[in-house]
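Reader: I would be grateful for a close reading of one part of this model, namely the nonpolar core and the chain contact around it. Please set out the elements that bear upon that part as well.

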Amino acid sequence: MTTTVILLCLLASVLELDVTYAFQTLLSRPIIAGPLFGLCIGDMMAGVQVGIFAELLFIDISPLGGIVPPSGVVASAIPLILYSLGVDLYFGFFFGVLMALLYSLFDTLLRKTRFKWLVFLEAKIGKKPTDLWRIVGVSLLLSFLMTFIFISVASWVCAQTAFWLFPYLSSKVHFAFQMAYMAVPWIGLATLLSTFRLKTR
Amino acid sequence: MSFWIRLNMFFRSFFLQAGWNFVKYQNLGFAFVMVPFLRKLYMYDPEMLPTVLSRYLDTFNTHPVMASFCFGAMAKQEESVAKAQSVTEYKEQVAEWSGARRGLSITAASIGDRLFWGTLKPLTLLMALFIWMLLGINFFETPQLQPISCFEAFSAGIMAFLTYNAIALFVRWEGIKIGYESDESSCFGLTRFDWNRTIYKAKRLGIFFSVGLILFGVYHHFGKIQVGLDFFARALLVLFFIIISFVTRRLKIPNVYLYLSAVVIFTTVCLF
């Protein structure tokens, strides 16, 4: 089980790079990342569902200008890690959404602090332009490591919280979380309609 | 611009945002992409390269795919800067280069955001959802999940991935060439395509598919439930969320807060 969790954290950290720092091929979008995580935990339908729900939930936030949207990768990875540990998918999804929002703040902080060492690096590039390859490589590696640490810690904290909370949760609370989870695709589909509003002409 | 330089810039363009920061945005990536061209241009004057690179390390921010137009255009402009015969001409060319970079990056970002983030991404999502539904996957079903094959799980996502990237890679590759070959009169090649018309048509297609998907979803979700209290309760809930989603969209409240509010409200109602 630990191997699966570590594998999932590694895969999520690699995919997270695709969101902003490298490629932007949308391989990291939840509808692709979700089934991949599902394959890792051995339940592809859970992966597909979480992927679709995460993508529909975050479809209205785009990375325009300096906006850092909640991470779809984190929102898909955390629920599936928790699911593989025995937490219900609708609870896992709630934790995943919270962590995706938190990751957006974490990434904002990283981007703010990155400039401090970029000032130093710019001076270095000025002296030796060939250093750019190394700088880009190190930047990607650091982003990967920070994401890996975040996802690993977030998964552990969420799992501990879920197991600690479980004995106190009544069936009514389960029902409430299930209903909110059920509403996600409808919220997303309604948003898609307004996304395609014809205001370009 | 030779094929190999263009290819090198094309591959490097995937790392445009590697050093994204809140002060100068994509400056590091921009310099990284332009280095092969600049090295070739200043081959006989390598001492100039650090000074030239410092200009590229200034603030730069645009859409990662549409940035290819900027790369091509900036390469062309840099050739004019390199050919300057006097200090006055050099300063004029640098000012022109700087203005073109600022103007083009803003225009390209505006088109890219509307086309890729605002239209193509949701459209490919719709396509994937349709494929899944056609394969008989009912993702609306929450507690019991049916087992599915690898093909069923990945086919829709792969189709969405290929469709999006076919367009994105074409723009990335051609943008460098078009930007390099065009001038200010055609906004460095941006006016070669009727972006507004493309976005308009894609959005019309999106509306058609969205309505279709909602109806398909309603049929899929409610088709097997017998008309009774459970049916009406579910229908009311779905209708409520569709309406409230329209309202929150108008108020510019993101979906994620609607979901979190639903969790809090449902838990409160269920507990008391």
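Author: The account below begins with the basis of the model, then takes up the core, the contact between the chains, one helix and two loop residues.

The model is predicted, so local features are given only at pLDDT of at least 70 and side-chain atom pairs only at pLDDT 80 or more, while totals for chains, interfaces and linings use all residues. Residues are numbered from 1 along each chain as its sequence is written, and chains are lettered from A and ligands numbered from 1 in the order in which they are written. Chain A has an average pLDDT (the predictor's confidence in each residue, from 0 to 100) of 92, and 98% of its residues score at least 70. Among the elements of this chain, α4(A) has the highest mean, 97, and α5(A) the lowest, 90.

Chain A holds seven helices and zero strands; helices are DSSP runs of H or I with at least four residues, strands are runs of E with at least two, and both are numbered from the N terminus. Its C-alpha atoms fill a box of roughly 65 × 50 × 25 Å along the principal axes. Of its 201 residues, 54% are buried. A residue counts as buried if 20 or more other C-beta atoms lie within 10 Å of its own, as exposed if 12 or fewer do, and as partly exposed in between, with C-beta atoms placed from the backbone.

The largest nonpolar core comprises 141 residues, and those with the most contacts inside it are V74(A), A77(A), I78(A), A180(A), A31(B), M34(B) and Y259(B). Such a core is a set of buried Ala, Val, Leu, Ile, Met, Phe, Trp, Tyr and Cys residues joined through C-beta atoms within 7 Å. Helix α7 (residues 171-195) of chain A gives the most to this core, with 13 residues. Domain 1 (1-221) and domain 2 (225-272) of chain B both give residues to the core, so it lies between them; the domain bounds come from an automatic or database domain assignment. The C-alpha centres of these two domains lie 37 Å apart.

A31(B) is in contact with I125(A), L132(A), L53(B), Y56(B) and L57(B), leaving aside neighbours within four places in sequence. Contact here requires C-beta atoms, placed from the backbone, to lie within 7 Å. The contact between the chains takes 76 residues from chain A and 76 residues from chain B. On the side of chain B that touches chain A, the elements giving two or more residues include α2 (27-41), α3 (49-56) and α5 (87-134) of chain B. The residues of that side divide into 55 nonpolar, 16 polar and five charged. Ala, Val, Leu, Ile, Met, Phe, Trp, Tyr, Cys and Pro count as nonpolar, Asp, Glu, Lys and Arg as charged, and the others, Gly among them, as polar.

L132(A) is also one of the buried residues of α6(A), with F150(A) and C158(A) among the others. The cover over the buried residues of this helix includes α1 (2-19), α4 (72-84) and α5 (89-127) of chain A together with α2 of chain B. Helix α6 (residues 132-165) of chain A has 34 residues and reaches 49 Å from its first C-alpha to its last, close to the expected 50 Å, which is 1.5 Å times one less than the number of residues.

Two loop residues of chain B complete the account. C187(B), which is not a glycine, has a positive phi of about 50° and lies in the loop between α6 (150-181) and α7 (195-222) of chain B. C187(B) counts as partly exposed because it has 18 C-beta neighbours inside 10 Å. K252(B), also not a glycine, has a positive phi of about 60° and is found in the loop between α8 (229-250) and α9 (255-271) of chain B. With 7 C-beta neighbours inside 10 Å, K252(B) counts as exposed.

Methods
Two residues are in contact if their C-beta atoms, placed from the backbone, lie within 7 Å.
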